[in-house]
Amino acid sequence: MFRSLLIANRGEIARRIGSVARSMGLRTIAVYSDADAEAPFVKEADQAVRLGPPPPKDSYLNVEALLRAAKETGAEAVHPGYGFVSENAEFARACTDAGVVFVGPPPESMARMKDKAQARALAAGAGVPVVPGSDGVVADLRGATEAAERVGYPLLVKAAGGGGGIGMAVAGSPAELEKAFRACADRARSAFGRDAVYLERYFPAPRHIEVQILGDTQGNLLHVLERECSIQRRHQKVVEEAGSPLFLEGKNADLLARMSKAALSAARAFGYANAGTVEFLVADGELFFIEMNARLQVEHPVTELTTRVDLIGWQLRIASGERLTLQQQDIRRQGHALEFRIYAEDPVRFLPSPGPLKVFRPPEGEGIRVDAGYAEGGVVTPYYDPLLAKLIVSGKDRAEAIRRSEGALERFAIEGLKNNVPLHLRIIRDRAFQEGALDTHFLEHHAKA
Amino acid sequence: MDVPAHITGTVWKVEVSVGQKVAAGDVLVILESMKMEMPVEAPDAGTVKEIRCQPTQPVNEGDVLVVLTP
């Protein structure tokens, strides 16, 4: 095992990785932008290095500054967290070239997943069901029109170079295709530097369910069960849970078995090692591969709490060359866990709301874990994503987890900026949520203010 | 008519120039905050009289970005 770890991230995930690494006896090195100089993740680290001014391109995306910090501090390994450089194969390669261990999958595996259209083709080739769509990117509007006739309407125009739903546009009919195509290509160009787009069938009410994967560099691969992440706004997750209500009490066991198998096949096709996640849409009893994420997910704690598998700990051990000692049959779910992403945003229109955290008092209690990136008195700036904290609540079953969540959310005291705690309360009090009737458009129809 | 920022963030793009005629709902400025781009639209038709922001500039909710004359 390496003895020091540079954490190339910020906020709650930098803090969480630091805490796991220190518990394993590693020296942790934080890197930070000027906006985060006083943040908890910086103070808690054994050493901290300034990267630059607040904008991500000058700080957390600045590969040169990150490599320099690793070199200056003698870091033996780098954990990228999620977002920022976590899916940047060139950064992973640059680390390896500099003699620093990159905690993540092999760079060539990352490269295979990065282009979503290519990833889709690779998964399909491995026998994994994919959402019907164009074969790879569509070059222009004419290509899109031709492909759209085969895919069928309604369809989604998606950016090949990115993630997070950025640029995604729906076309309900041929008349709407041109507008959707141009909107997506424009956004893709400004956000990712390339305007390549591809088409996918659009499902009106699918569930988003994903499978956690863990693999070592010796070729051992297993899955750590599923998570449901159907509650989303603007294609980004808001509430996640493990397991999925679709599979509770042994329901739809055949579908779950097919999903786990498909996830392992996809991970093998990508040559995967370390922790990763294979995402699926589920509609009408069928599953469709969306993409594989070559990193730790934001929502990994719901898996940790219900399986007792320490995902970050395993990431570090796998990166240092250790072999997986877990066996597939050891992975069993106990209880249920929900994760609520506490965002600094308006709880009705979901508009960003940076500002000072005059009061910030997370709840405590049995079954309650809070991974927070901020402390009371801190300032939430507009430069990064709106995630203040993750409230993760577990119980012996889903009903108990929901009951505990209600109390925990009521006790979560935040003042000084708008936040979505009221939205979470509306969600868990919604009958459809309580019954587990979820789909990715849930918030368009339920939990209204 | 003052058109203010509806969120705190930075100016990503200014989509209009002084003297330009705009219709209600036209995008005047695009703000960026917390990894989101939020368009600021003209509340009514008018002509751009003044632009009080430029790309990369930080703005607070309520700051006037553009002034329109009817």
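Two residues are in contact when their C-beta atoms, placed from the backbone, lie within 7 Å. This criterion underlies the description of helix H5 of chain A, whose buried residues are covered by elements including helix H4 (89–97), helix H6 (116–125) and strand S13 (286–293) of chain A. The model is predicted.

Helix H5 of chain A spans residues 107–114. Its buried residues are A:Ser109, A:Met110, A:Arg112 and A:Met113. Viewed down the axis of H5(A), these buried residues fall within an arc of 160 degrees, so they line one face of the helix. H4, H6 and S13 of chain A are among the elements that cover them.

The pairing of H4(A) with H5(A) can be described further. Their axes come within 9 Å and cross at roughly 175 degrees. H4(A) is therefore roughly antiparallel to H5(A), since angles over 145 degrees count as such. On the H4(A) side, the contact is made by A:Ala89, A:Ala92 and A:Arg93. H5(A) contributes A:Pro107, A:Met110, A:Ala111 and A:Lys114. By class, the residues of this contact divide into five nonpolar, no polar and two charged. A:Met110 thus appears twice: it is buried in H5(A), and it takes part in the contact with H4(A).

A second helix pair lies further along chain A. Helix H12 (residues 398–411) packs against helix H13 (residues 421–428) at an angle of about 155 degrees. The two axes are 10 Å apart. H12(A) and H13(A) are therefore roughly antiparallel to each other. Their crossing is left-handed. From H12(A), A:Ile402, A:Ser405, A:Glu406 and A:Leu409 enter the contact. They meet A:Val421, A:His424, A:Leu425 and A:Ile428 of H13(A). This contact has five nonpolar, two polar and one charged residues.

Backbone geometry was examined next. Most residues other than glycine have a negative phi, and most peptide bonds are trans. Several sites in chain A depart from this pattern. The peptide bond from A:Tyr153 to A:Pro154 is cis, with omega near -5 degrees. A:Pro154 sits in the loop between helix H7 (141–151) and strand S6 (155–159) of chain A. Another cis peptide bond joins A:Ala242 and A:Gly243, where omega is about -5 degrees. A:Gly243 belongs to the loop between strand S11 (236–242) and helix H9 (253–269) of chain A.

Positive phi values occur at A:Phe84 and at A:Ala447. For A:Phe84, phi is near 40 degrees, although the residue is not a glycine. A:Phe84 lies in the loop between strand S4 (77–79) and H4 of chain A. A residue is buried if 20 or more other C-beta atoms lie within 10 Å of its own. A:Phe84 has 21 other C-beta atoms within 10 Å and is therefore buried. At A:Ala447, also not a glycine, phi is about 55 degrees. A:Ala447 is found in the segment after helix H15 (442–445) of chain A. With 22 C-beta neighbours inside 10 Å, A:Ala447 likewise counts as buried.

Contacts between chains complete the description. Seven residues of chain A are in contact with 10 residues of chain B. On the side of chain A that touches chain B, the residues divide into six nonpolar, no polar and one charged.

Key. Residues are numbered from 1 along each chain as its sequence is written. Chains are lettered from A and ligands numbered from 1 in the order in which they are written. This is a predicted model: local features need pLDDT of at least 70, side-chain atom pairs count only at pLDDT 80 or more; totals for chains, interfaces and linings use all residues. Ala, Val, Leu, Ile, Met, Phe, Trp, Tyr, Cys and Pro count as nonpolar, Asp, Glu, Lys and Arg as charged, and the others, Gly among them, as polar. A residue is buried if 20 or more other C-beta atoms lie within 10 Å of its own, exposed if 12 or fewer, and partly exposed in between; C-beta atoms are placed from the backbone. Helices (H or I, at least four residues) and strands (E, at least two) are DSSP runs, numbered from the N terminus. The arc is that of the directions from the helix axis to the C-beta atoms. Axes are lines fitted to C-alpha atoms, for helices over the stretch in contact, and angles run from 0 to 180 degrees between N-to-C directions. Angles under 35 degrees count as roughly parallel, over 145 as roughly antiparallel, 65 to 115 as roughly perpendicular and the rest as oblique. A crossing is left-handed if the near helix is turned anticlockwise from the far one by less than a right angle, and right-handed if clockwise.
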